[in-house]
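The exercises below concern burial, salt bridges and empty space in one protein model. Work through each task before reading its solution.

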Amino acid sequence: MEINLTVAIDDIHPEKGWGMPGDKCMDYLDLLNKEFGIKFTLFIPSNYHNQFPLSKHKEWIDWLKTLGYFELAAHGHFHETSNRNIWGECEFAEISTEVECINRVAMMWSEWNEVDHKPVGWRNPGWLAQSVCVDVLGNHFKYAAVHYEHNKGLQWKCKMLFGADGIHETNINLHDNNLMFQSHIAGDWNQNICNESNYKQFRESLKFLYDTYLINNKFLIEL
């Protein structure tokens, strides 16, 4: 049986421990690429928590692109809200008007333009988005990577890719004949982060999958 395998990593940004050269989390991704040929789609906020604008870190984006096994995709602008108690970090769930969404997207593209890269893929920060934002965002991207439950039945104008099996999980599902793994690069509020224990578990899962199926490593854009 032939299966496409993708791995998406969320929240990468130019902060030590969150995707910089020499970070252990990045070493794990490199090891998985070397051993299995894994390709990773990185979902990157354009100004994470209003502290890490991409325009100030072009050399970091250039470094990621030179490695050859990363697709760089968009993951919001601030990845933050004005009220975490209500919205968490679901940036595009808090936004409720078309004008505000258009302005936020313009801010995002301004940062990406400064680093000479135009992502074609999108994932909502915190998975959630208002329908008015879905209408706007769908015009800007070729695909949206979404969650069955959190997407809440919304229809995107671009291609919809469903699937979110954590790298730490052992109960793995097929999504349109694709294996679609998802992780966060770091943080103490998610279980599926790129740490040593999850690297070891994911490696064992991959060994089983590669022994059992004919695996094609893909970026999300290649599905």
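**Exercise 1.** Is H175 buried or exposed?

*Solution.* The model is predicted, so local features need pLDDT of at least 70 and side-chain atom pairs count only at pLDDT 80 or more, while totals for chains, interfaces and linings use all residues. Residues are numbered from 1 along each chain as its sequence is written, and side-chain values use heavy atoms, with hydrogens and water left out.

Step 1. Apply the accessibility classes: buried means under 20% relative accessible area, exposed over 50%, and partly exposed in between, with a 1.4 Å probe and protein chains only. H175 has a relative accessible area of 6%, so H175 is buried.

Step 2. Place the residue. H175 sits in the loop between β9 (165-166) and β10 (178-184); strands are DSSP runs of E of at least two residues and helices runs of H or I of at least four, numbered from the N terminus.

Step 3. List its neighbours, taking contact as heavy atoms within 4.5 Å. Leaving aside residues up to four places away in sequence, H175 touches Y148, F162, G163, A164, D165 and M180.

Step 4. Look for a polar contact, a pair of N or O atoms within 3.5 Å; within protein, one must be able to donate a hydrogen and the other to accept it, and residues adjacent in sequence count only if both atoms are side-chain atoms. The side chains of H175 and Y148 make one at 2.8 Å.

**Exercise 2.** Which residue forms a salt bridge with K58, and where do both lie?

*Solution.* Step 1. The criterion is a side-chain nitrogen of Lys or Arg within 4 Å of a carboxyl oxygen of Asp or Glu. The whole structure has 14 salt bridges.

Step 2. The partner of K58 is D62, with the closest N and O atoms 3.0 Å apart. Both belong to helix α2 (residues 58-67), four residues apart, about one turn of the helix.

Step 3. Check accessibility: K58 is partly exposed at 29%, and D62 is partly exposed at 27%.

Step 4. Set another pair beside it. R84 and E89 meet in a salt bridge at 2.8 Å, N to O; R84 is partly exposed at 45%, whereas E89 is buried at 13%.

Step 5. Follow shared partners. The side chains of E204 and R203 form a salt bridge at 3.9 Å, N to O. Through shared partners, salt bridges join E35, R203, E204 and K207 into one network.

**Exercise 3.** What is the volume of the largest pocket, and which residues line the largest cavity?

*Solution.* Step 1. On a 1 Å grid over the protein atoms alone, a cavity is a set of points where a 1.4 Å probe fits but cannot get out; a pocket is an open set with protein on both sides within 12 Å along at least five of seven lines, and lining residues have an atom within 4 Å of a point. Grid points are joined across faces, edges and corners, and a volume is the space filled by probe spheres set on the points.

Step 2. The largest pocket has a volume of about 210 Å³. Its lining includes E89, H184 and W189.

Step 3. The largest cavity, of about 60 Å³, is lined by V7, I9, Y28, L29, L32, F40, I167, C194, N195, N198, Y199 and F202. At least two lining residues come from each of β1 (2-10), α1 (24-36) and α7 (196-212).
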